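Student: Could you take me through the aromatic rings here, and the charges that sit over them?

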Amino acid sequence: MDQIRVTLPDGNVKEYPKGITPIEIAKCISPRLADAALVAKVYATDGNGSQSKTGIYANSVDPEPDGGLLYDLRRPLEQDVKLRILTDKDADALYVFRHSAAHLLAAAVTDLYPNVKLGIGPPVENGFFYEFLRDEPFTPEDLEKIEKKMHELAEKDLPNERKLLPKAEALKLYRDSNQLFKCELVEEKADEPMVSFYTTGKFIDFCRGPHIPSTKRIQAFKLTNVAGAYWKGQEGNAQLQRIYALAFYTQKELDDYLHRIEEAKRRDHRKLGTELDLFSIQDAAGPGLIFWHPKGGLIRTLIENWLRDELQKRGYDLVFTPHIMLFDLWKTSGHANFYKESMFGQMEVEKADYQLKPMNCPGHILIYKSKLRSYRDLPVRLAELGTVYRYERSGVLHGLLRVRGFTQDDAHIFCMPSQIESEVEACIDFAYAVMKNFGFDKFEVELSDWDPTHPENYPGKATDWEHASNSLAAVMNRMKIPYKRIVGEGAFYGPKIDVKLIDAIGRPWQLTTVQFDFNLPARFGLEFVGEDGARHQPLMVHRALLGSVERFFGILIEHYAGAFPLWLAPVQVEICPVSEKVIDYAKHLHETLKNHGIRVHLDDRNEKLPAKIRDAQLQKIPYMLVVGPKEAETGAVSVRHRSKGDLGPRPIADFVKALQEEIASRAIN
RNA sequence: GCCGAGGUAGCUCAGGGGUAGAGCAGCCGAUUCGUAAUCGGCAGGUCGAGAGUUCAAAUCUCUCCCUCGGCUCCA
């Protein structure tokens with residue numbers, strides 16, 4: 001009989017008969033391992049390592065980045081391999097586990113509702129979904145029923161069996177059962193004569209796998225919601241009902257995740273925005289439009305003042321441009337064409353059409369063009385906290401994070417090719433300085449390039465694109481910033497760098513974007529006079545650091561959970577007199593702090609101290625000053641910090657000094 | 001825009017064909033108090049808007065608006 005050589009993770013090489021399965025090998029190693037095993041990972045070692053559709057690569061998922069291939073435990077091995085048995089200690093296997101859980105969901109749904117049409121059911125972050133077409137909507141009660149059925153099926157320990165069918169037979173199977181979406185998938189995806197299926201009890205599904213051996217392990221899951229989703233994500237296609245679920249190896253991990261969701265809810269900027277009286281959205285004014293209340297407005301002013309200061313230090317010129325401009329301008333820029341569906345409608349004034357601005361660039365370009373520019377003037381950096389209005393479809397609006405009117409911390413840099421790297425570097429440096437100022441210290445950077453196989457989709461010469469994206473990459477390398485390069489994701493008008501920050505509870509947010517533009521300088525005929533006396537076209541870079549002030553504010557609220565650092569806190573100090581007997585001292589204290597430029601509020605309500613403390617805590621005011629007869633007598637204050645608690649008494653002057661230092665350093669809590 | 005769930009007092013929510021409810025917040029009064037809620041009283045709503053069914057609609061039907069969870073899109 002043929003033998004194959006199997007290399008184990010410890011380096012041992014063993015010979016087994018050809019056709020042995022990973023689970024059998026696991027049993028040889030240790031029964032405990034076999035019991036815990038979920039899936040195998042194999043690497044070709046027989047010289048046939050090319051990823052041709054032969055050997056282990058036939059009818060399989062695509063290899064992982066490390067060249068390994070996830071493999072069913074009961075799938076026979078036909079060639080020499082390196083083998084790892086994965087258990088619930090391996091993150092790689094979680095994806096397989098969730099995928100199997102998706103099949104369990106589909107098995108339960110088809111059991112309960114035999115007439116549903118199946119869409120796709122992949123694992124996703126934290127869980128999985130499966131899509132179904134059914135005339136009636138799935139109700140919350142249906143979800144409960146389905147979840148119960150899933151537990152029932154899981155208990156039965158149904159094996160997930162892989163089987164191969166000829167493509168024609170697969171199509172027939174799905175045609176006969178009227179599974180039109182599955183037919184479409186088989187047609188599209190199956191590029192081999194045999195296609196793989198998986199069965200879970202009575203349920204059978206076209207699937208490349210792999211799957212965990214049986215349903216028994218799938219216990220910690222929770223169906224969360226139903227959402228409409230277009231078939232293949234294409235608007236215009238049929239809309240299926242997508243059932244989302246969370247799934248983890250253990251109940252504890254599921255519970256932990258649910259706690260994190262609770263934490264995110266606790267931080268929700270919409271909830272905190274109301275509770276802390278920061279902003280509102282008014283039915284009477286329309287959706288997606290933000291009202292900044294006094295406290296939110298104060299924070300915004302502080303952020304903007306700090307930012308304007310930085311802009312000036314870094315060589316930007318601050319400008320203002322009109323909110324409405326002639327529609328013809330947007331024809332010149334091209335927005336009237338490619339950005340039309342995102343713009344508010346035109347308005348006619350004295351027979352001329354005007355357009356509410358969705359972008360600031362054309363305005364800045366007009367300022368650039370207002371006079372002849374010399375190479376000596378470059379780079380020209382025009383910055384504006386520019387408020388723009390964009391028509392967003394109603395279903396996508398979300399608190400401060402997705403709105404219809406917002407203010408970008410926008411800037412456009414006009415420069416010579418020789419200046420581009422230093423300009424980009426300065427932008428990135430600026431972005432990091434801004435983020436760090438607000439207490440963010442984790443970032444992800446993406447460099448999005450064009451798709452060089454379709455140059456016809458892009459304006460600008462290929463050499464421009466290459467030069468620009470190479471400059472971006474060079475800057476990243478010089479600054480030692482790790483980044484991900486994404487081909488084909490750049491804007492049509494130029495490559496870009498996006499910086500995402502990671503907030504206090506680990507969520508990524510895309511804020512900063514630095515984008516080249518090969519389109520607008522040509523459309524507007526931008527020029528500068530070079531050293532040679534001839535006219536040249538400048539390079540143009542769009543750049544926003546916070547992105548949108550509204551959105552950034554929303555992110556900040558959630559990042560700080562409403563507890564703004566002292567320098568941004570709308571009320572920095574709450575004075576809590578113990579009783580009305582010391583009201584005069586409290587008033588004196590109030591005046592003193594105010595005169596030192598501190599944002600202070602006196603709680604002179606007829607309430608007991610604990611109530612005042614509680615209310616100040618709920619308002620997340622950084623410092624509470626408890627004053628009673630003891631303090632009044634000695635000219636002191638008893639300091640309580642919102643998170644550090646009671647800090648004890650000290651002289652007023654000491655407190656003021658410490659406070660001023662904390663404000664000036666813009667310390668993060 | 002599409003699918004689903006919602007919209008009752010400033011906030012959080014109960015009620016579900018027969019006169020609109022609670023807690024908190026607000027106002028008034030009592031209490032003079034030491035680090036997360038003192039007690040009592042008063043006031044507050046065209047039940048998202050419009051139409052329909054009905055003797056009678058917050059409640060049932062339809063249309064629209066807005067919010068939430070997704071899809072798509074995106075700062």
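Tutor: Happily! The charged end of Lys82 sits over the ring of Tyr43, 4.7 Å from the ring centre; for this, NZ of Lys or CZ of Arg must be within 6 Å of the ring centre and within 35 degrees of the ring normal. Arg98 likewise lies over the face of Phe248, at 4.9 Å from the ring centre. This is a predicted model, where local features need pLDDT of at least 70 and side-chain atom pairs count only at pLDDT 80 or more, while totals for chains, interfaces and linings use all residues. Side-chain values use heavy atoms, with hydrogens and water left out, and residues are numbered from 1 along each chain as its sequence is written.

Now to ring against ring. Rings of Phe, Tyr and Trp (its six-membered ring) pair if their centres lie within 6.5 Å; planes under 30 degrees apart are stacked, over 60 edge-to-face, and the rest tilted. By this rule there are 25 aromatic pairs. One of them joins Tyr174 and Phe197, tilted, with 5.8 Å from centre to centre and 40° between the planes. Tyr174 belongs to helix α5 (residues 167-176) and Phe197 to strand β10 (residues 194-200), so this pair ties together parts 23 residues apart in sequence; helices (H or I, at least four residues) and strands (E, at least two) are DSSP runs, numbered from the N terminus.

Phe248, the ring under Arg98, also pairs with Tyr257: the centres are 5.5 Å apart and the planes at 35°, so this pair is tilted. Both Phe248 and Tyr257 are buried, meaning under 20% relative accessible area (exposed is over 50%, partly exposed in between; 1.4 Å probe, protein chains only). Finally, Trp306, Phe438, Phe440, Phe552 and Trp567 form one aromatic cluster.

Technical notes. Chains are lettered from A and ligands numbered from 1 in the order in which they are written.
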